[in-house]
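Here is a brief report on one protein chain. It starts with the chain as a whole, then turns to helix packing and a single side chain.

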Amino acid sequence: MFNISNKHEEFFDYLMENAENFHRGALIAQEAMTDIDKLPQHLDDIVQLEHKSDEVNQNIIHQLSVIFITPIDREDFYRLTCHLEECIDCLQGALMRLNMYHIEHLIPSAGRIMEQIVTMADELKVLFSLLKNIDRNEAELMARADHLSKLESEVDQIYRKEISDLFDGKKDLFDVVRWKDILATLEDTSDKVEELANIIKEVTMKYA
């Protein structure tokens, strides 16, 4: 049976928990992209983190199925939580590729991209903390979401330059294939974060 209530701010707490999980995952991935010797531990950590975020996501979906009135539309909560989990999945995918491709030497651009993604994860934590009071925080929500789009553009610039360098004809072919895929996964992560920022902007305009 549906539980009829106009409160249930725990939905925002669930989102905040997964935003923090994404931030922790970004820090783990950043360390992995700067110290390959610790990859096995980092990979274990991010797999556990992904499982934890999946549990949080399932809790949200379950709650949405039994609660009739939510602080914002159930469809909006669903989009937010699914996109947030996809961000975490992308990070896990990047680390798994480091392992699958037997990477022994890291490239600086991977670390630079991860620096930007960590900054994006910091912004996401703030954004989700502001969602509980959309009316009061409308201007800051929009400004921070726009900032995420700028950070994503900076990731694109790093990505495009490194892809160009990879195909300069001087690199080992296997390294080109390996790093093209890994960097693309990192770039996909930043794209997912930007998509999430755009959803937050939509939600803000809808309810502010």
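Buried residues account for 48% of the 208 residues in the chain. The model is a predicted one.

**Overall fold**

The chain has six helices and zero strands. Read from the N terminus, its elements run α-α-α-α-α-α. Along the principal axes, the C-alpha atoms fill a box of roughly 65 × 35 × 20 Å. A compact globule of 208 residues would have a radius of gyration near 17 Å; the chain has 18 Å, so the two agree. Contacts reach far along the sequence. Of those between residues at least 6 apart, 85% join residues at least 24 apart.

**Helix packing**

Two helix pairs are set out here, and H3 takes part in each.

| Helix pair | Packing angle | Axis separation |
|---|---|---|
| H3 and H4 | about 155° | 13 Å |
| H3 and H6 | about 165° | 9 Å |

Take H3 with H4. H3 spans residues 74-100, and H4 spans residues 108-130. Angles over 145 degrees count as roughly antiparallel. The angle for this pair is about 155°, and H3 and H4 are therefore roughly antiparallel to each other. Their crossing is left-handed. On the H3 side, Leu80, Leu84 and Leu91 make the contact. H4 contributes Met114, Ile117, Leu124 and Phe128. What classes do the residues of this contact fall into? Seven are nonpolar, none is polar and none is charged.

Now take H3 with H6. Helix H6 covers residues 173-207. The angle between H3 and H6 is about 165°, so H3 is roughly antiparallel to H6. The crossing of H3 and H6 is left-handed. Their contact has 16 nonpolar, four polar and 10 charged residues. Charged residues thus appear in the contact of H3 with H6, whereas the contact of H3 with H4 has none.

**A lysine in H6**

Lys201 sits in helix H6. Is Lys201 buried or exposed? Its relative accessible area is 18%. Buried means under 20%, so Lys201 counts as buried. Which residues does Lys201 touch, leaving aside neighbours within four places in sequence? Lys201 is in contact with Met142, Ala145 and Asp146.

**In brief**

The predicted model has six helices and zero strands. H3 packs roughly antiparallel to H4 and roughly antiparallel to H6. Lys201 of H6 is buried.

Key. Residues are numbered from 1 along each chain as its sequence is written. This is a predicted model: local features need pLDDT of at least 70, side-chain atom pairs count only at pLDDT 80 or more; totals for chains, interfaces and linings use all residues. Side-chain values use heavy atoms; hydrogens and water are left out. Axes are lines fitted to C-alpha atoms, for helices over the stretch in contact, and angles run from 0 to 180 degrees between N-to-C directions. Helices (H or I, at least four residues) and strands (E, at least two) are DSSP runs, numbered from the N terminus. Angles under 35 degrees count as roughly parallel, over 145 as roughly antiparallel, 65 to 115 as roughly perpendicular and the rest as oblique. A crossing is left-handed if the near helix is turned anticlockwise from the far one by less than a right angle, and right-handed if clockwise. Contact means heavy atoms within 4.5 Å. Ala, Val, Leu, Ile, Met, Phe, Trp, Tyr, Cys and Pro count as nonpolar, Asp, Glu, Lys and Arg as charged, and the others, Gly among them, as polar. The radius of gyration is taken over C-alpha atoms; the globule rule is 2.2 Å times the number of residues to the power 0.38. Buried means under 20% relative accessible area, exposed over 50%, partly exposed in between (1.4 Å probe, protein chains only).
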